[in-house]
Each structure stands twice: as C-alpha cells, then as structure tokens.
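Have the sequence and the 3D view open side by side as you read. We will go through a few places one by one, and you can find each of them for yourself.

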Amino acid sequence: MQETMRLEKYFPASEVTVLAVCFVMVILLVVSFKVRMKSFRMFAAMLWMLIVATCSDLMLHYLMNKDPTLPTWIFYSLRSIYHVLLFSLLHHYVLYTCEATALSRVKRRPYIAAATALFAVFSVADTVGIFTGRTMHIIDGVISFEGSHIFTAGYICFVVLLTALLYRVRRRLYKQVMLGFAGVMVLSISMLAVARLRTQSSYTAATFLFPLIAVMYLLHSNPYDAMLGANDLRGLNNLIRYSDEKQREYLYLSLYMKELDESGSTMSDELKTLIRHVAEAYYRRSTLFQVSNGHMLLMVPKDRNRNWQERTEKILQEFKVEYEKFRYDYKLVIGESTPELNRKNEYVSFIRSIHARIPENTIYQVQRDDLDKFRNYEVILKEIADIAAKKDPEDPRVLVYCQPVYNIRTGKYDTAEALMRLQLDELGIVFPDQFIPPAEENGYIHALTQIILSKTCRAIRTLTSEGFEIERISVNVSALELRDQDFCGDIDEIIGRSGVDAGRIAIELTESRNDSDFMLMKEKIEELKGKGITFYLDDFGTGYSNMERILELPFDIIKFDRSMVIAGSQDKRSEQVLGSLADLFSKLDYSVLYEGVEDEKDEEMCRGLSASYLQGYKYSKPIPISELRKFLEKE
C-alpha cells in the first residue's frame with residue numbers, strides 16, 4: 001500500500017482565486033439585467049455549488065494546518081462535501097445543457113438518467129472510500145491519496161457523457177458557441193489531468209470554474225449601453241418569456257424618435273442622461289431596452305410599483321418640459337402587458353403597429369381594441385409583403401381609385417389624383433392610412449407605387465384612346481422611395497412601357513425635414529422633370545413647412561391642405577394669410593390647388609385666393625378610376 005500512497009500537494013492561493021472570481025461573477029449577475037429563467041437559475045445554483053465546495057476544501061486545509069489533532073471525521077466530512085458538490089456540479093452541467101438547448105423531454109431523458117446514476121454511484125462510492133481510508137488517508141497532518149481514484153473515474157465518466165450530449169445537440173448550438181464550449185472543456189480536462197499526475201489538488205476547483213465562465217459569457221452575457229443603461233432585444237425577449245412563465249404583469253413605456261431612427265445619428269449625451277434618469281428615478285426595478293437607434297422601451301414590474309399611475313403622470317409632466325429642450329418629434333406609447341402579447345412575444349411589433357397610425361408628437365394610451373387593430377395590421381403586412389415579392393403590375397389586390405380635380409382655367413375636370421386601396425380577402429377594402437405606414441416602415445412602399453403607377457398609366461391610355469380629354473393624373477410617392485437608387489429608372493421604365501406621354505403623369509411628394517433627403521428630392525425631381533413629369537408639393541400647411549426649401553425645389557403645383565381651407569373660412573385674418581401665400585406662389589409661377597373643398601362657401605373663398613385647381617367632396621368623393629369617365633369630356 002505504501003508504494004501507491006502519494007502525498008497531496010496543496011496551495012491555497014489557487015482556491016482563494018477561484019472564490020474571488022466566483023464572487024465577482026455573483027456581483028456582476030446581481031447588478032446586471034438577468035431574467036430568472038430556469039436555465040439561469042440552474043447556472044446560479046452551479047455557481048453557488050462551486051463556491052460552497054471551494055470553501056469546504058479551504059476549510060479542510062485550514063483546520064488541518066491549525067489543529068491536525070482534530071477528529072478525522074471532520075476532515076473526511078469536509079472532503080466528502082467537496083467531492084459530492086463537484087459531482088453535483090457535473091450532474092448539473094448535463095441538466096443545464098439539456099435545458100439551454102431546449103432538448104425535448106423524451107430525448108433528454110436518457111442523458112439525465114445516466115447523469116443521475118453517475119452522481120449517485122460515484123458520490124456514495126467516493127464518500128465510503130474517504131471514510132474507510134481507501135481513497136484518502138491522513139498521515140501526520142498531511143492528506144495522502146491511496147491507490148483508488150474514484151473521483152477521477154467519476155470525472156472521466158461525466159466528461160464522456162457530456163461529450164456525447166454535446167455531440168447530440170451540436171446542430172442546436174451556434175457553431176461559435178459550440179467551439180467555445182469545446183475549447184474550454186479541453187483546457188479544463190487537460191489541467192485536471194496534469195494536476196492529478198502531479199498529485200496537485202489545488203487546481204481542481206479552477207477546472208470547474210472555467211466552464212462556468214464560458215457559460216456566463218456565451219449564454220448569459222447581456223451588456224448594458226454604458227451611458228444609456230439599456231439592454232438589447234435578447235434581454236427583452238427573455239424578460240417577456242419570464243413574465244409569461246411567472247404570470248407577472250408589466251407596464252411598458254415606448255419612446256420613438258423617428259429623426260434618430262431614419263438619420264442614424266447618435267443620441268446626444270444629454271438625451272441619454274435624461275432617459276437614464278427617467279428609467280432609474282421613477283420606477284423600482286424597471287428595465288430599459290433599446291429596440292433601435294431611436295426607439296426605447298421601458299418595462300416596469302407593476303408588483304414593485306403599486307403607485308405606477310402616479311409615477312407615470314410625473315414622468316409625462318417632466319417629459320413635456322424636457323421636450324422643449326430637445327425638440328425631437330416623438331411618439332410615446334403607454335400600455336400594460338397582456339397574456340396574448342406575452343405568449344407570442346409581440347410587444348415590439350405591436351407597438352410599431354401603433355406608431356404606424358398615430359401622428360408625431362403624440363402620447364398614446366393603449367386601448368382594448370388595439371389588439372384587434374394589430375391583428376389587422378399583421379394581415380395587411382403579410383399581404384403587402386406578398387405583393388412586393390410577386391411584383392405583379394396587375395396584382396388584383398391593388399386597386400386604383402381617383403378623385404377628380406376641377407380646373408378653373410378650363411372649367412373642366414381634366415385632371416385627377418390617383419388613390420390606392422387594397423382589396424384583401426380577410427379585411428375587404430383597406431384604406432391608405434392602414435397600409436401606407438407599414439409599407440413605408442418595412443420597405444414595401446416602392447413596390448406598391450410601381451403597381452399603382454402602372455395601373456394609372458393603363459387607365460390613362462384607355463381613356464385617351466376612347467377620346468376623353470385628360471390633362472394629367474397625379475400619383476402619390478413616399479419621400480422614402482427617393483432613397484432607392486433605381487427610383488427614377490423604375491418610374492421612367494413604367495411610363496415608357498405603357499406608351500403614355502410622360503406629361504400626363506404627375507408625382508405628388510410631401511416635403512422632407514431631413515437634409516440628405518432634401519438634396520435627394522431635389523435631384524430626383526430635376527431628373528424626372530427633364531422627362532416631362534409634373535410635380536406637386538402635397539399637404540402644404542400641415543406640420544413642417546420651410547418656405548426657403550420649398551422655393552428651392554422645382555415643384556409645379558402647390559397643394560394647400562384641407563386644414564388651410566378650414567382655417568381660412570373661420571376668420572378674416574387666416575383668410576388673408578392664406579391669400580397672401582397663394583398669391584406669392586402664383587406670382588412665382590406655381591399653380592395653387594386647394595384640396596378639401598366641401599361646399600359653395602369653400603369654393604367661393606378659394607376662387608378668390610389665386611386658385612388654379614379645386615379638389616374635394618363638393619365635386620366628388622374618391623371613385624374607382626374606371627368611373628372617371630363620368631367627369632371627363634370628349635375631345
């Protein structure tokens with residue numbers, strides 16, 4: 001027996017370092033955002049197992065050095081606790097891998113059964129061996145190993161089982177994650193083998209620490225934005241799954257700033273500080289997520305904030321004050337979590353559907369019927385995605401309506417505005433305010449424009465071939481489409497293919513606030529005007545209007561919005577302002593079109609205010625373009 005007995009070499013600094021690293025990990029887990037899902041709770045349990053095991057081994061050697069005359073059962077007990085906890089840690093590695101890779105119950109069952117059997121067999125065998133002196137003996141206050149190596153055998157068996165399990169789930173793991181685990185496991189096994197050959201037990205705990213560090217870094221790291229304090233969408237998805245599992249209710253506040261999202265510009269430090277302050281100061285245990293460059297989402301646990309209504313009112317009061325400093329256009333949505341949204345983890349898409357239909361600078365409280373509208377939104381989004389993918393210029397789902405425009409100079413209805421509608425099986429007729437925003441947001445708008453332009457050109461060709469007198473029909477175009485480098489080519493190709501004279505087509509655009517979009521708009525207008533296309537400035541008088549920029553853009557017709565007509569009809573002062581603007585545009589060779597003319601009073605006022613064209617319900621509501629014949633005259 002003496003020939004196989006080897007004295008244990010031990011240096012406490014190694015295990016002290018392991019403990020320090022473990023507590024650093026605990027601190028990071030406490031202060032960082034982590035959702036307590038099952039896999040995370042298992043990871044935390046594994047970390048605490050290693051901490052207790054390491055403390056047990058440190059205590060064993062400390063007591064042996066301080067008083068080696070203590071009863072040997074104390075030392076044997078501490079070593080048994082150490083080994084049993086390490087076996088339990090290996091057992092949990094198997095359980096964790098099954099949980100993290102979402103292995104089905106049937107497929108994980110043999111691995112869990114094998115791991116449980118290994119844990120039971122080797123824990124009992126090792127404990128018996130320690131207390132009987134077969135695997136451990138104390139000689140003159142020094143631990144010695146006997147010929148039997150039960151712990152090493154158990155470790156090897158678990159490594160074989162884990163290797164088989166990782167091979168089984170290899171297709172469920174991202175390749176880089178798999179390589180990371182494999183590399184750390186090889187390092188740990190190699191380190192333990194060398195230590196055992198040298199009868200060195202100081203580094204055993206470290207070989208169990210390395211895989212835990214890999215798990216934390218690869219699977220549980222969710223770093224903050226250092227200044228903003230925001231987490232990413234992966235953290236949000238975990239939070240929603242956790243809240244659904246625990247049936248926990250949340251309040252959410254969504255802030256969207258379109259300018260930051262579209263321009264890609266970095267959020268200022270002052271704005272970051274303000275958002276961080278709101279997230280920290282008003283609610284307990286709230287978590288901030290950054291959905292996109294200009295979209296922030298704050299999730300607030302209601303059980304931790306019983307007076308959340310009062311706190312929310314205070315936030316809104318501060319928000320209105322701070323808005324005057326930053327002046328970013330915004331959309332603020334406030335709502336409460338629901339089981340339906342939790343189950344499908346749809347908060348981001350749900351909130352975006354609301355953004356799509358509320359105006360800028362609006363604080364919106366989510367209503368009960370918003371979920372129904374969201375389901376409609378999903379249907380619409382699916383359909384327009386399919387329309388865009390098929391690129392069929394005759395797609396029957398895209399309908400062309402139009403509204404006749406009265407030409408004061410000729411006294412005829414010889415122009416019109418083309419208006420798009422969708423005909424969907426599930427929803428029937430869908431109006432532009434329902435499908436244009438999601439089409440713009442998801443990049444489908446240009447495909448829709450191409451279809452309506454193609455159908456409008458075909459209608460013009462048909463009407464002119466029948467002898468009807470038609471000057472032009474205008475088509476609305478989103479300013480976002482101008483960013484497409486093929487925009488002008490697509491428009492020119494569609495008109496050319498139709499055989500219609502380009503002068504019979506007009507494009508309506510709304511003014512852009514973005515500097516780069518402004519220059520792009522100017523460039524595209526000039527290119528297409530060179531081919532004979534007429535341009536309208538749409539919705540003049542709503543929101544943002546910069547006269548200097550408008551006069552820089554080569555528009556032909558300025559469309560005064562219905563709101564301007566209403567304002568002019570309400571008092572003389574507004575009418576004088578309206579008249580001055582219209583007169584200015586007329587003197588600068590722009591034609592003026594008033595839309596929203598609804599009665600004789602509106603018409604009389606607009607005629608006296610430099611009007612060239614009149615459009616509105618007084619003349620006709622929007623009609624299918626095939627019915628335009630009722631308003632046209634034959635040449």
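A residue is called buried when its relative accessible area is under 20%, exposed when that area is over 50%, and partly exposed in between. Keep in mind that you are looking at a predicted model.

Let us try those words out on Ser80. With a relative accessible area of 6%, Ser80 counts as buried because this value is under 20%. You will find Ser80 in helix 3, which runs over residues 72-100. Which residues touch it? Apart from neighbours within four places in sequence, Ser80 is in contact with Thr127, Ile130 and Phe131.

Now look at helix 3 as a whole. Ser80 has plenty of company there: helix 3 is mostly covered, with 21 of its 29 residues buried. You can also check the length of this helix yourself. Counting 1.5 Å a residue, its 29 residues should span 42 Å, and the C-alpha atoms at its ends are 41 Å apart, so the two values agree.

Helix 3 also holds a cysteine to look at, Cys98, in the range 72-100. Cys98 is buried, because its relative accessibility is 0%. Is it bonded to another cysteine or free? A disulfide needs two cysteine sulfur atoms within 2.5 Å, and by this rule the model has zero disulfides. Cys98 is in no disulfide, and the nearest cysteine sulfur, in Cys157, is 17 Å away. Cys488 tells a similar story: the closest cysteine sulfur, in Cys457, lies 15 Å from its own, so a bond is ruled out by distance. Cys488 is buried too, at a relative accessible area of 3%.

Next, go to the backbone just after helix 3. There you meet Ala102, which follows the helix and has a positive phi, near 55°. Why does the sign deserve a look? Most residues other than glycine have a negative phi, so a positive one stands out. Arg285 is another case, with a positive phi of about 60° although it is not a glycine. Arg285 sits in the loop between helix 10 (269-281) and strand 5 (287-292), and it is exposed, with a relative accessible area of 59%. Lys391 also has a positive phi, near 50°. Its place is the loop between helix 14 (370-390) and strand 9 (398-407), and at 66% relative accessible area Lys391 is exposed.

One more loop is worth a stop. Lys531 lies between helix 18 (515-529) and strand 14 (534-540). Buried, exposed or in between? Its relative accessible area is 38%, so Lys531 is partly exposed. Leaving out neighbours within four places in sequence, Lys531 is in contact with Asp492 and Ala502. To get a feeling for distances in the model, find Ile156 as well: it is 375 residues from Lys531 along the chain, and their C-alpha atoms are 78 Å apart.

Finally, turn to helix 1, residues 12-31, where you will find Val30. Val30 is exposed, because its relative accessible area is 60%. It belongs to a nonpolar surface patch of about 470 Å², together with Val24, Ile27, Leu28 and Val31. While you look at the helix, remember a handy rule: an α-helix has 3.6 residues a turn, so residues three or four places apart point the same way.

How values were computed
Residues numbered from 1 in each chain as written. Predicted model: local features only at pLDDT ≥ 70, side-chain atom pairs only at ≥ 80, totals over all residues. Heavy atoms only, no water. Patch = residues over 30% accessible without salt bridge, like charges linked within 9 Å, V, L, I, M, F, W, Y side chains within 5 Å. Areas by Shrake-Rupley, 256 points an atom, 1.4 Å probe, with all protein chains shown as cover. Salt bridge = Lys/Arg side-chain N within 4 Å of Asp/Glu carboxyl O. Helix = DSSP H or I, 4+ residues; strand = E, 2+ residues; numbered from the N terminus. Buried < 20%, exposed > 50% of the residue type's maximum accessible area, 1.4 Å probe, protein only. Contact = heavy atoms within 4.5 Å. Expected span 1.5 Å × (residues − 1).
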